[in-house]
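Please consult the sequence and the three-dimensional model together while reading the explanation that follows.

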Amino acid sequence: MDWSLFGCARKGYVTYAPDEPDLRDRLTAPTAGGTAWRCLRCGTFVTHGQPGKGQHGKVQHGKVQRGSGPAVAAPLLRRGKELRDEFILRVFAVERFIRFVIFAAAASSAASGPQELAGPAPR
Ligand SMILES: [Zn+2]
C-alpha cells in the first residue's frame with residue numbers, strides 16, 4: 001500500500017513552485033490540459049495544482065495546497081512509512097480512548113451500584 005497516496009486522498013495534493021528554474025522544471029510537465037505540477041507527497045502530476053495561483057470560483061477536483069517561493073521554504077511533508085506510523089499511532093489513541101470510556105463506565109456503575117450485594121451490615 002502506498003501510504004503517500006493515502007495521505008493525499010485524505011489531505012489533498014501539495015504542489016510547490018520553487019524559485020530556482022532547474023528545480024521548477026523537475027516539478028512540472030507540459031500537458032494538453034496545461035502545465036502539470038508534481039505533488040510533493042506522492043509524486044503524482046496534477047494539472048489543477050498550479051502553485052501560487054488563486055483559483056477562486058473555479059471548480060476543483062479534490063483539494064490542492066499550493067505554494068511558491070525558495071526551495072528551502074518548501075513544506076516538509078510526511079511520506080510513506082512516516083504516514084503509516086502516524087496512522088497507526090492514531091488508531092492506538094482511539095483504541096485507548098474507547099478503553100478509557102469502557103473502564104470509566106464500569107468504575108462508575110460499580111461505585112454507585114446496588115448496595116444489597118454487600119450483604120447485611122455487621123452488628
Ligand atoms: Zn500527492
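In this predicted model, T31 finds its bridge partner in strand 3 at G34. Another pair across these strands is formed by A29, which stands opposite A36 of strand 3. The pairing of strand 2 with strand 3, residues 34-38, comprises 4 bridges, and the two strands run antiparallel. The connection between strand 2 and strand 3 is a hairpin of 2 residues.

These two strands belong to an open sheet of 3 strands, arranged in the order 2-3-4 with antiparallel pairing. Strand 2 (28-31) and strand 4 (45-46) each have a single partner strand and therefore stand at the edges, with one side of each left without a neighbour in the sheet.

Helix 1 offers a view of how residues are distributed around a helix axis. Which residues of helix 1 are buried? Within this helix, residues 3-11, the buried positions are S4, G7 and C8. Because these residues cover an arc of only 95° around the axis, they lie on the same side of helix 1. A9 and R10, by contrast, are exposed on the other side of the helix. The cover over the buried residues of helix 1 includes strand 1 (13-18) as well as helix 3. After helix 1 comes G12, which has a positive phi near 95°.

Helix 3 contributes to that cover, yet its own residues present another picture. Of its 31 residues, the number buried is 1, so helix 3 lies largely in the open. The length of this helix can also be checked against its geometry. Helix 3 comprises residues 81-111, and at 1.5 Å a residue these 31 residues should span 45 Å. The C-alpha atoms at its ends are 45 Å apart, which agrees with that expectation.

The remaining point concerns a residue of strand 5. G67 lies in this strand, which covers residues 64-69. How many other C-beta atoms lie within 10 Å of G67? The number is 15, and G67 is therefore partly exposed; a buried residue would need 20 or more such atoms, and an exposed one would have 12 or fewer. G67 also illustrates how positions separated in sequence can be brought together in space: G67 and T15 are 52 residues apart in sequence, whereas their C-alpha atoms are 6.3 Å apart.

Conventions
Residues are numbered from 1 along each chain as its sequence is written. This is a predicted model: local features need pLDDT of at least 70, side-chain atom pairs count only at pLDDT 80 or more; totals for chains, interfaces and linings use all residues. The expected span of a helix is 1.5 Å times one less than its number of residues. Two strands pair if DSSP finds at least two bridges between them. The arc is that of the directions from the helix axis to the C-beta atoms. Two residues are in contact if their C-beta atoms, placed from the backbone, lie within 7 Å.
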